[in-house]
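I opened the notebook today to go through this model step by step, writing down each thing as I looked it up.

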2 protein chains.
Amino acid sequence: MKSSNNNDARYFSIDKYSCSVEATIDVIGGKWKSVIIYYLLDGKKRFNELKRLNNGITQRMLTLQLRELEADGIIHREVYREVPPKVEYSLTEFGQELRPLILMLKSWGMNNTEKVIENRSKYTNKLK
Amino acid sequence: MKSSNNNDARYFSIDKYSCSVEATIDVIGGKWKSVIIYYLLDGKKRFNELKRLNNGITQRMLTLQLRELEADGIIHREVYREVPPKVEYSLTEFGQELRPLILMLKSWGMNNTEKVIENRSKYTNKLK
DNA sequence: ATTATTAGTATATTTATTGATACTATAGCA
DNA sequence: TGCTATAGTATCAATAAATATACTAATAAT
């Protein structure tokens, strides 16, 4: 889940995992990646389209996250040599294999967020 | 995915999500949570047991993550008033609902980590 | 001539996460 | 008497993630 631009560090770190759950989290974890992948499930998107969809993400963060996903082979970056620039991002075949996982993240969230909010507020009150 | 000890902040932040994928990530994301939940899938565990299983986690981090999972209603904390102290952590019924998701994280990692490592090293070489 | 647009990069700064180390209480054991 | 074990807490330092802001090039529209 590093957002460094030192790809060597990422490369050497992934195989030190003791549990493969960690490896998956390294690929889709962090604040933005799984949401970016979610929006790419229904087809290619341009940079600013993704920026609008991921409410509040900065250009810098979006660029960093997209580069990491690209490095991992999850997304493809297609550059059109036009002015103004046009770059399209899409899931690779490998990235498509994340579909069931991302959809499960989505549906768990839809079904259980209310309950989590409720639990958190109870816990907070108990502490008082 | 905050690890602050300001529970109000967590409470107020979760419902600002534009996509429910974000909400799920907030519950199971971060470096340790999903792995902790994974180890709890096969039954209750004591604090130091979890510490040994989560290779390299510090006591402080383990405590913080467990408290957040408890606040969200994912795990139950059972304190035995003994000396030396004994505390057992287990999944709640609500936490059990994460089982399919965690198992999918596990299997995706098992099936695809090799490929990710390969992709990362190719990408790194391409940059040179 | 000015302004808007796109997909970024560069730089600096703030905030969050993670880690290292030392410390606690009390019972049991040698 | 001193050592071990457990489940932490407290404090401080280091690292990583996230944000804010300004900047770029080239064209097309106003």
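Which residues of chain A does UniProt assign to the feature "domain: HTH hxlR-type"? I looked up the record, an unreviewed entry, and found that it places this feature at residues 19-117 of chain A. I note here that the model I am reading is a predicted one. Over residues 19-117 of chain A, I find that the chain is 61% helix and 14% strand, while the C-alpha atoms at the two ends of this stretch are 29 Å apart.

**Chain A as a whole**

I then listed the secondary structure of chain A, which comes to seven helices and three strands, and following the sequence I read their pattern as α-α-α-β-α-α-β-β-α-α. Chain A has 128 residues, of which 51% count as buried, and its accessible surface comes to about 6,600 Å², with 50% of that belonging to carbon and sulfur atoms. I also looked at how contacts in chain A are spread along the sequence: among those between residues at least 6 apart, 50% join residues at least 24 apart.

**The sheet of chain B**

Turning to chain B, I asked in what order the strands of its open sheet lie. The three strands have the order β1-β3-β2, with antiparallel pairing, and the edge strands are β1 (45-46) and β2 (75-80), each of which pairs on one side only. I looked more closely at β1(B), which pairs in the antiparallel sense with strand β3 (residues 86-91) of chain B over two bridges; for Arg46(B), the bridge partner in β3(B) is Glu88(B).

**The two copies and one contact between them**

How is chain A related to chain B? I find that a rotation of 180°, with 0.0 Å of shift along its axis, superposes chain A on chain B with an RMSD of 0.0 Å, and the two copies are therefore related as by a two-fold rotation axis. The same surface serves both copies, in that 100% of the contact residues of chain A recur in chain B.

For a single residue to follow, I chose Glu70(B), which I located in helix α5 (residues 59-71) of chain B. Leaving aside residues up to four places away in sequence, Glu70(B) touches Tyr123(A), Ile75(B) and Arg77(B), and with Tyr123(A) I also noted a polar contact of 3.3 Å that joins the two side chains.

Note on methods. Residues numbered from 1 in each chain as written. Chains lettered and ligands numbered in written order. Predicted model: local features only at pLDDT ≥ 70, side-chain atom pairs only at ≥ 80, totals over all residues. Heavy atoms only, no water. Helix = DSSP H or I, 4+ residues; strand = E, 2+ residues; numbered from the N terminus. Buried < 20%, exposed > 50% of the residue type's maximum accessible area, 1.4 Å probe, protein only. Contact = heavy atoms within 4.5 Å. Areas by Shrake-Rupley, 256 points an atom, 1.4 Å probe, with all protein chains shown as cover. UniProt positions renumbered as here; feature names shortened; annotations may be inferred. Polar contact = N/O pair within 3.5 Å; in protein donor to acceptor, adjacent residues only side chain to side chain. Least-squares fit on C-alpha atoms with pLDDT ≥ 70 in both. Pairing = 2+ DSSP bridges.
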